[in-house]
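The following dialogue concerns how to read a set of structural features. The learner asks, and the teacher answers.

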Amino acid sequence: MSDHGIIFTIFLVFSGAALLATAALYARQALLIAYILLGAIAGPAGLGWIEDAALADSMSEIGIVFLLFLLGLNLLPQKLVQMLREATLVTVGSSIVFALIGAGIALAFGYPLLDSGIVGACMMFSSTILGLKLLPTTALHHRHAGEIIISVLLIQDIVAIVILLVLQSAGSEVALGLLRIVVGLPGLVAVALLGERYLIRPLLHRFDRIQEYVFLLAIGWCMASAQAAEWLGLSYEIGAFVAGVALASSPIARFIADSLKPLRDFFLVLFFFALGAGLSLELVAEVALPAAALALTMMFVKPPVFALLLRQQAEKPALAREMGVRLGQVSEFSLLIAALALEAAVIGSGAAHVIQVTVIISFVISSYWIVLRYPTPIAVSDALRRD
């Protein structure tokens with residue numbers, strides 16, 4: 001119940017996740033699906049053990065922050081600039097295609113033009129959490145794929161933030177918000193690089209033998225950058241990613257990454273639980289047909305479109321296909337866009353619900369597709385398990 005607070009929530013999430021994860025492994029199913037299923041069972045629309053999933057949802061955002069920080073630790077700044085050049089063309093081209101297809105499907109199901117436009121915009125993005133959670137970060141033959149995927153997701157996040165600013169503001173406030181992105185992001189990067197060179201690096205050099213201090217300094221650096229990005233009108237996730245990239249050239253970067261992985265996984269379990277807890281069976285029945293059409297279309301369209309655009313950037317066909325599949329779902333950012341659009345009365349509740357159910361369907365299908373076919377840290381097959 002909600003009055004049991006945080007301890008009961010954590011007990012229910014992790015004890016229940018342990019039980020369902022055990023059953024999932026015996027049944028050779030993806031663990032992420034077990035976490036989502038647990039949320040649906042224990043959430044308000046299920047048994048009601050968790051009456052309000054807001055607490056788990058709030059805590060789960062920390063997992064996304066750590067995920068982006070750890071991925072940034074694997075990218076040297078000079079390498080990231082090179083990857084962004086390639087990823088910009090891929091991201092812009094694919095976003096236009098996905099937005100038009102998504103809007104067309106929504107129009108075909110009778111949604112108004114503005115609602116359909118928002119639905120189409122939500123189809124542009126791929127999931128940062130799913131794409132990176134299922135990516136082996138230490139396998140050398142996946143390093144280049146990881147760099148491209150991270151670059152595409154980073155550009156998509158910036159586009160999503162612009163859309164959120166438009167929904168949250170009007171007139172001159174939108175222009176001010178865009179100015180904060182144009183000025184704030186380069187400023188954040190510059191401060192992070194200088195801070196790493198003249199503050200973090202000397203401290204690590206002086207106290208690197210004290211592992212507890214290194215752990216605390218890494219978390220403090222990550223969260224400080226994340227909060228600074230939020231103040232600048234960006235997002236916690238972008239700030240954490242910038243903090244990770246700034247530290248990537250440090251000789252202690254790998255140690256930091258290994259130390260923070262358990263903390264990241266703790267909060268990501270909460271994310272997938274909260275995703276399932278927010279699902280309503282009544283809601284699913286109401287929008288099942290358009291949501292299924294959108295999710296299946298995106299799942300079948302996104303991989304070949306990404307693969308085609310990546311091959312035009314001289315990527316090998318097999319690698320391009322794999323990256324396309326890993327980017328083939330709809331994003332958690334779409335949930336936030338739908339919620340803000342509904343709050344601002346830009347779209348109706350029907351369109352917002354379609355977006356929510358589309359995201360969950362695409363998460364489930366994409367999880368199975370990736371886990372059963374490509375190397376991941378949580379593969380059910382020993383041959384595909386990589387980390």
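The turns below go from the overall fold to individual side chains.

Q: What kind of model is this, and how are the residues numbered?
A: This is a predicted model, in which local features need pLDDT of at least 70 and side-chain atom pairs count only at pLDDT 80 or more, whereas totals for chains, interfaces and linings use all residues. Residues are numbered from 1 along each chain as its sequence is written, and side-chain values use heavy atoms, with hydrogens and water left out.

Q: How many helices and strands are there in the protein chain?
A: Helices (H or I, at least four residues) and strands (E, at least two) are DSSP runs, numbered from the N terminus. The protein chain holds 15 helices and zero strands.

Q: What share of the residues is buried?
A: Buried means under 20% relative accessible area, exposed means over 50%, and partly exposed lies in between (1.4 Å probe, protein chains only). Of the 387 residues in the protein chain, 54% are buried.

Q: What share of the contacts joins residues at least 24 apart?
A: A contact means heavy atoms within 4.5 Å. Among contacts in the protein chain between residues at least 6 apart in sequence, 79% join residues at least 24 apart.

Q: Which residues have the most contacts inside the largest nonpolar core?
A: A nonpolar core is a set of buried Ala, Val, Leu, Ile, Met, Phe, Trp, Tyr and Cys residues joined through side-chain atoms within 4.5 Å. The largest one here has 121 residues, and those with the most contacts inside it are F69, L73, L132, W221, L247, I256 and F272. Helix α11 (residues 253–277) gives the most to this core, with 13 residues.

Q: What does W221 touch?
A: Setting aside residues up to four places away in sequence, W221 touches F69, A192, G195, E196, I200, A243, A246 and L247. Two of these, F69 and L247, are also among the residues with the most contacts inside the core.

Q: How many disulfides are there?
A: A disulfide is a covalent bond between the sulfur atoms of two cysteines. With the criterion of a pair of cysteine sulfur atoms within 2.5 Å, the count comes to zero. Cysteines C122 and C222 are each buried, with a relative accessible area of 0%.

Q: Which residues form the salt bridges, and are they buried or exposed?
A: Side chains of opposite charge can pair when their charged atoms come close. A salt bridge is a side-chain nitrogen of Lys or Arg within 4 Å of a carboxyl oxygen of Asp or Glu, and the structure holds two. In one, E196 pairs with R201, the closest N and O atoms being 3.1 Å apart; E196 is buried at 3% relative accessibility, whereas R201 is partly exposed at 37%. In the other, R326 pairs with E322, with the closest N and O atoms 3.0 Å apart. R326 is buried at 1% relative accessibility, and E322 is buried at 10%. Because R326 and E322 are four residues apart in helix α13 (residues 317–326), about one helical turn separates them.

Q: How many aromatic pairs are there, and how are their rings arranged?
A: Rings of Phe, Tyr and Trp (its six-membered ring) pair if their centres lie within 6.5 Å; planes under 30 degrees apart count as stacked, over 60 as edge-to-face and the rest as tilted. The count comes to three aromatic pairs. One of them is the stacked pair F14 and F266, at 4.5 Å centre to centre with 10° between the planes. This pair links distant parts of the chain, with F14 in helix α1 (residues 5–26) and F266 in helix α11, 252 residues apart. F14 is partly exposed at 23% relative accessibility, and F266 is partly exposed at 28%. Another is the edge-to-face pair F207 and Y213, at 5.4 Å centre to centre with 70° between the planes. F207 is partly exposed at 30%, as is Y213 at 26%.

Q: Where does the charged end of K302 sit?
A: A charge sits over a ring if NZ of Lys or CZ of Arg is within 6 Å of the ring centre and within 35 degrees of the ring normal. The charged end of K302 sits over the ring of F98, 5.2 Å from its centre.

Q: Where does E237 lie, and what is in contact with E237?
A: E237 lies in helix α10 (residues 236–247) and is buried, with a relative accessible area of 10%. Leaving aside neighbours within four places in sequence, E237 is in contact with E61, I64 and L68. E237 and C222 are 15 residues apart in sequence and 9.8 Å apart in space, C-alpha to C-alpha.
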